[in-house]
Amino acid sequence: KLAITQNTKIDIRKNLEYSLNSRNLQLLKSNFKEEENFKIQAKFTKLIRDFPNAKWQIKKLLDPNSNQKIFDIRVYGEKVINGEKYLLESKFKYLFSTEQDRIIKGHIKNLFTTIRNDQNEIDILFRIPEKVLTGTKYDIDIIINEPLGEIIIAGGIISHQDESYLKQNINIEPLASGGIFKTTRAASKPSTQVWSGIISHPKGMISFTKSVEIVDKI
């Protein structure tokens, strides 16, 4: 009886990873309740259109302080455009609840995504916090570690709420210092702020997206 119970129990992590990597949309749909399914399919379709060979790695995390289930997810892929190879890497935590072995109320935390065509030659450091208190000031530093000398770099950064970053452009301008340095203030209420930016360097270009969770206590 115990063996039968264990064999018939649905493994959402395994099903989700397999359906994403095999592009099995029908199986992907079976992991989510209807409202959540529409959001996931839209994101999945856009990603594989931009990076057709993208792969997912999903690990299950345990958090004794949370009633939600948590997956630690890594997405990576590459694409050649005009003879240049662009590398995608995205890491984030996916928190969700389940109902009848299907995912409901899912949301992403600690998102950090880069797309770069420098073959990882640029020594760059991203200092953007994952979590800050409401109303407090915090720093955003994207630092080119190597000496620039006569090299000129350009870049830009913008912030968004929710998923509006999918529809906004980033203005690029010359950077006098070796990166992007910004001090900002967190919103007065708990929320998620998303920062997106670009660094253009003679060795290549790096775009990034990072989420910052704004909380009322840490």
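What share of the contacts in the protein between residues at least 6 apart in sequence join residues at least 24 apart?

## Overall picture

In this predicted model, 57% of the contacts between residues at least 6 apart in sequence join residues at least 24 apart. The protein contains four helices and 12 strands, and its C-alpha atoms fill a box of roughly 70 × 45 × 30 Å when taken along the principal axes. Of the 218 residues in the protein, 37% are buried.

## Helix 2 and its surroundings

Helix 2 spans residues 12-22, and within this helix Ile12, Arg13, Leu16, Ser19 and Leu20 are buried. These buried residues lie on the same side of helix 2, because they cover an arc of only 145 degrees around the axis. The general geometry of such a helix is relevant here: an α-helix has 3.6 residues a turn, so residues three or four places apart point the same way.

The cover over the buried residues of helix 2 comes from both helices and strands, including helix 3 (25-30) and helix 4 (34-50) together with strand 1 (55-61), strand 2 (69-81), strand 3 (84-99) and strand 4. At the start of helix 2, the backbone nitrogen of Arg13 has a side-chain oxygen of Asp11 within 3.2 Å, and Arg13 is also one of the buried residues of the helix. Just after helix 2, Arg23 adopts a positive phi of about 60 degrees.

## The cavity and its lining

The structure holds one cavity of 30 Å³ or more, and the space in this largest cavity comes to about 30 Å³. Its lining consists of Lys109, Asn110, Glu130, Thr192, Ser211, Val212 and Glu213, a set that divides into one nonpolar, three polar and three charged residues.

Two elements, strand 4 (102-116) and strand 12 (204-215), each supply at least two residues of this lining. Strand 12 provides the largest share, with three residues.

## Asn110 in strand 4

Asn110 has its place in strand 4 and is among the residues that line the largest cavity. Asn110 counts as buried because its relative accessibility is 16%, which falls under the 20% limit for that class.

When residues up to four places away in sequence are not counted, Asn110 touches Lys91, Phe92, Lys93, Glu130 and Ser211. Among these neighbours, Glu130 and Ser211 also belong to the lining of the largest cavity, whereas Lys91, Phe92 and Lys93 are contacts of Asn110 that do not appear in that lining.

How values were computed
Residues are numbered from 1 along each chain as its sequence is written. This is a predicted model: local features need pLDDT of at least 70, side-chain atom pairs count only at pLDDT 80 or more; totals for chains, interfaces and linings use all residues. Side-chain values use heavy atoms; hydrogens and water are left out. On a 1 Å grid over the protein atoms alone, a cavity is a set of points where a 1.4 Å probe fits but cannot get out, and a pocket is an open set with protein on both sides within 12 Å along at least five of seven lines; lining residues have an atom within 4 Å of a point. Grid points are joined across faces, edges and corners, and a volume is the space filled by probe spheres set on the points. Ala, Val, Leu, Ile, Met, Phe, Trp, Tyr, Cys and Pro count as nonpolar, Asp, Glu, Lys and Arg as charged, and the others, Gly among them, as polar. Buried means under 20% relative accessible area, exposed over 50%, partly exposed in between (1.4 Å probe, protein chains only). The arc is that of the directions from the helix axis to the C-beta atoms. Contact means heavy atoms within 4.5 Å. A polar contact is a pair of N or O atoms within 3.5 Å; within protein, one must be able to donate a hydrogen and the other to accept it, and residues adjacent in sequence count only if both atoms are side-chain atoms.
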